[in-house]
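Me: I would like to learn how to read a structure of this kind feature by feature. Could you take me through it, giving the general idea before each case?

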Amino acid sequence: MSEPAGAKPTRFLRDYRAPAWRIDDVELVFDLDAAATIVQARLSLRQDDAAAPLELDAEALELLELRIDGRVLGADEFSLAADRLVVPGARGPLVLESRVRIAPERNTALQGLYLSGTREQGFLLTQCEAEGFRRITPFLDRSDVLARYRVTLRADRARYPVLLANGNADGAGELGDGRHWARFVDPHPKPSYLFALVAGRLESIERTFVTAEGRRVRLVIHAEADAIGRCGWAMQCLEQAMRWDEERFGRCYDLDAFHVVATHDFTMGAMENKGLNIFNAKYLLADPASATDDDHRHVLAVVGHEYFHNWSGNRVTCRDWFQLCLKEGLTVYREQEFESDLASRTLRRIEDVRLLWRAQFSEDAGPLAHPVRPDRYSEINNFYTATVYEKGAEIVRMLGVVLGRDGFRRGLDLYFARHDGHAATIEDFLAALGDANGVDLSPWLAWYEQAGTPELRASGRHDARRRCYELTLEQHTAPTPGQPHKRALPIPVAIALFDAAGRALPLRLDGEDADTAAHERVLLLDRDAATFRFADIDEEPTPSLLRGFSAPVRLVQDTPPPALAALARHDSDGFNRWFAGDALVRRLFAQALAGSEPDAALFAAWTACVGSALDDPGVDPALAAEMLTIADATSLADGLADIDPEAVHQARARIETGLAVALASKLVRRHAALGDLDDLAVDPATQARRRLRNACLAALCRADAAHAPLARAQYARARNLTDRLAALGALLGMRDTEADAALADFAERHAGDALVLDKWFSLQATEADPRACERVAALLVHPAFRWSNPNNVYALPGAFALRNPRAFHRVDGDGYRLVADAILRLDALTPQVAARLATAFGAWRRYEPLRRALMRRELERMLGRERLSPDLADILGRSLA
Ligand code: PHE
Ligand code: ZN
């Protein structure tokens, strides 16, 4: 396969070679200025391969001077191409000194050194993962080159009073001319992608944390003046994360200070730079007036995530970018466990599975499908995907299930001990986990190498005469691009069997001892098919399968609806209660989509389950809220071909509205009973109740326009953003006569608050109505919308493209045109963001012929544009291949 015009050449995992040159020490001196920054670097280089010329990565740099061992090189002694600096005659060891000029304020790609905000008010910062450091100085910009850094920052004191870089502070002072300097030394060898600096006018809050090893650490969060008052929640989360990692995984922090900085201009969520994490403000700032409950939990999760990278990513890093899932899968898993321990485990699991279905299963079902560890890439920026992150975390979770909590901890301890200060691979990870437990985990490598969602078929049979229950499990994975034949994977299937009274039965497989029987156990399906025979089962049991979603598979089970309904009411695993309800929803959805009237008995059984969750005070309100919220259109369409998004919407809406109508009186009662909550509390219990109250409100407003006054009253009264936004969403969804007035009021109330206005944009962009297309077009010229700001882009055209299937797939093609135009415009500014939006077209072959043709036309139109970024060219090329 050849690359489309504009794409970078493909790199292959099998071509990996250890670096021919290494860098032990780095000294950097920055003369910082938004228009022109001078970077001086002094690199101590060693040559491991005598035959290899010295080749450094260098991009968008103006080279001013190059010296080797103190001698200035003449123009004929080196060559500088678009992305490479070559010094053919160099022999190591040597000291290479370079001086370059860069222009942060013109850097709209937001990789390397750039300006956040305006030239007058903003501040300077860096983003180096994956390949941004080469836009700062010529370097061996690859993650298996680990060096010690000493960094001096110099800048105008009034304009850039705060100067930060990785590591420990090592002096500061005045330079005269109103300029000052600060020096930092990072004692931990690190790859260049973890380098960071920040300079500007920032306020801060500070705490002291004493680690379990007795180290006193300054925790400092920095933000612009208007945002510093919203950093308290993040500070609390950070302290909890540090304590949790000590207690759960024995990991302590390792520097004298830990700095965190918030910026509004960031392409991703946040970045784990050593000792100097940089956050998208969206995942750091939170208070009840300007952030929802979900935002508060996201801050908890992302603060945890970045902090946990200090071990899973920084102390032990990745050998190359093919191993990205080594740090991301493990860290997402650690983040999930952190939130599960601190807030609601069931809720977090349901949300993760929803995300997996919506984003990862659909990625795996189209032309952009790739293994969790890809074996090739053209642009690495395009592999920060749901597959690498979410499916990567699912694999780690499965290993956790199979090894058990203590076994997993032992394995992780060995992994950190063996590879501390080094760059590792997935093979290293599996070997450490296996060695620590005396097991061979090499079969699990297949999960990392094989793309596609396995289908798991389960069928049960009770044999009354032999008093046993036979469960047959079969797996099958459909072909994906480049992988026509799939291997069988090890699939852990957590299971319980319930009797008619809802009691879990002891599980003893044929031939096992009677006294070891547990009530839940994990079966391992490690071949195409296997039958498990449970002994001493007197009556037909109800199987609860894949408990806690023990494997990222598509479960196809023959469990009859009454049994599913029983699980949705009584399963002792909260996740599986919800999962059983979801299975019922999918059967109803299939009937509605086929145009038939949904089976009345099935419908009644399902609504009764949700109703009982609503009524039962013993059920976690967060779980009840989730049971009330049916799967989104994208995951309902999972596995379908020739999708007609309008038909999917109608079928889904019918079920959703039907539920609300059937439960209306219960909803009114529960909504009223939950009326009395502390508006400003954000503890998990209050959040859960508020979640249920707002889920009731949304359902009521779907059921009947007569409930509009409830939403209007809540809008008027709301004292926190969660309630105000929920009420606004309900009014908008029912097209209430006051919806437009409420929208205007909201915009006025939160004018000047970029993060809240982004929610306002998103709410309108994701309204499941074809007219959202015109609304988005109009909002693109709103004064608060800027194309150069990734949050704005994700909130408006991004939300429309990725989270509003009904309007994006409008049959006249206007949705496609709007998004394709946006992508082309963005590509000249922030290619990484343009490429992410373009994934909305990835699944084009799965749609009905008319949409398929329209989507293809837009893909081809974009690909035909001259001077595409490598990021966008790669996505378009793979989508059409
Ligand atoms: N490494 C970051 C994280 O997941 C994500 C990121 C990637 C941020 C690339 C910026 C650029 O924690
Ligand atoms: Zn991460």
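**Domains, ligand shell, sheets and helices**

Reply: A sensible start is what the record says, and here the unreviewed UniProt entry carries the annotation "domain: Peptidase M1 membrane alanine aminopeptidase" over residues 233–442. Please keep in mind throughout that this is a predicted model. Over residues 233–442 the chain is 55% helix and 10% strand, with the end C-alpha atoms 42 Å apart.

Me: What does UniProt list for residues 452–557, and how much helix and strand does the chain have there?

Reply: An annotated range can be set beside its computed secondary structure. For residues 452–557 the unreviewed entry in UniProt lists "domain: Peptidase M1 alanyl aminopeptidase Ig-like fold", and over this range the chain is 0% helix and 43% strand, while the end C-alpha atoms lie 19 Å apart.

Me: Which residues surround ligand 1, and how do they divide into nonpolar, polar and charged?

Reply: One lists the shell, then asks about its character and its origin in the chain. Ligand 1 is surrounded by Gln127, Glu129, Met268, Ala270, Met271, Glu272, His305, Glu306, His309, Glu328 and Tyr384. These residues divide into 4 nonpolar, 3 polar and 4 charged, and strand 20 (270–271) and helix 2 (293–308) each supply at least two residues of the shell.

Me: How should I read a sheet, and what is the order of the strands in the open sheet of 8 strands?

Reply: Begin with strand order and pairing sense, then look for the edges. The open sheet of 8 strands has the order 6-5-9-3-2-12-15-14, and its pairing is mixed. Its edge strands are strand 6 (71–72) and strand 14 (168–176), each of which pairs on one side only. Within this order, strand 3 (residues 37–47) and strand 9 (residues 94–102) run antiparallel and are joined by 9 bridges, and Ser44 stands opposite Val95 in strand 9.

Me: Which strands are the edges of the open sheet with the order 4-8-7?

Reply: The same reading applies to this open sheet of 3 strands, whose pairing is antiparallel. Strand 4 (54–57) and strand 7 (79–80) are the edge strands, each pairing on one side only. Strand 7 pairs with strand 8 (residues 84–87) in the antiparallel sense over 2 bridges, and Leu80 stands opposite Leu85 in strand 8.

Me: Turning to helices, how many residues of helix 11 are buried, and what covers them?

Reply: As a general idea, an α-helix has 3.6 residues a turn, so residues three or four places apart point the same way. Helix 11 (residues 621–628) is mostly covered, with 8 of its 8 residues buried, among them Pro621, Glu626 and Leu628. The cover over these buried residues includes helix 4 (345–364), helix 9 (574–593), helix 10 (600–615) and helix 15 (684–703).

Me: Where does Asp632 lie, and why is it classed as partly exposed?

Reply: Asp632 lies in the loop between helix 11 and helix 12 (633–636). Asp632 has 15 other C-beta atoms within 10 Å, and it is therefore partly exposed, since a buried residue needs 20 or more and an exposed one has 12 or fewer. Asp632 and His370 are 262 residues apart in sequence and 24 Å apart in space, C-alpha to C-alpha.

Me: Why is helix 24 said to be largely enclosed?

Reply: Helix 24 (residues 831–838) is largely enclosed by the rest of the structure because 8 of its 8 residues are buried. The buried residues include Gln832 and Arg836, and what covers the buried residues of helix 24 includes helix 21 (790–803), helix 23 (814–827) and helix 26 (870–880).

Notes. Residues numbered from 1 in each chain as written. Chains lettered and ligands numbered in written order. Predicted model: local features only at pLDDT ≥ 70, side-chain atom pairs only at ≥ 80, totals over all residues. Helix = DSSP H or I, 4+ residues; strand = E, 2+ residues; numbered from the N terminus. Contact = placed C-beta atoms within 7 Å. UniProt positions renumbered as here; feature names shortened; annotations may be inferred. Near = placed C-beta within 6 Å. Nonpolar A, V, L, I, M, F, W, Y, C, P; charged D, E, K, R; others polar. Pairing = 2+ DSSP bridges.
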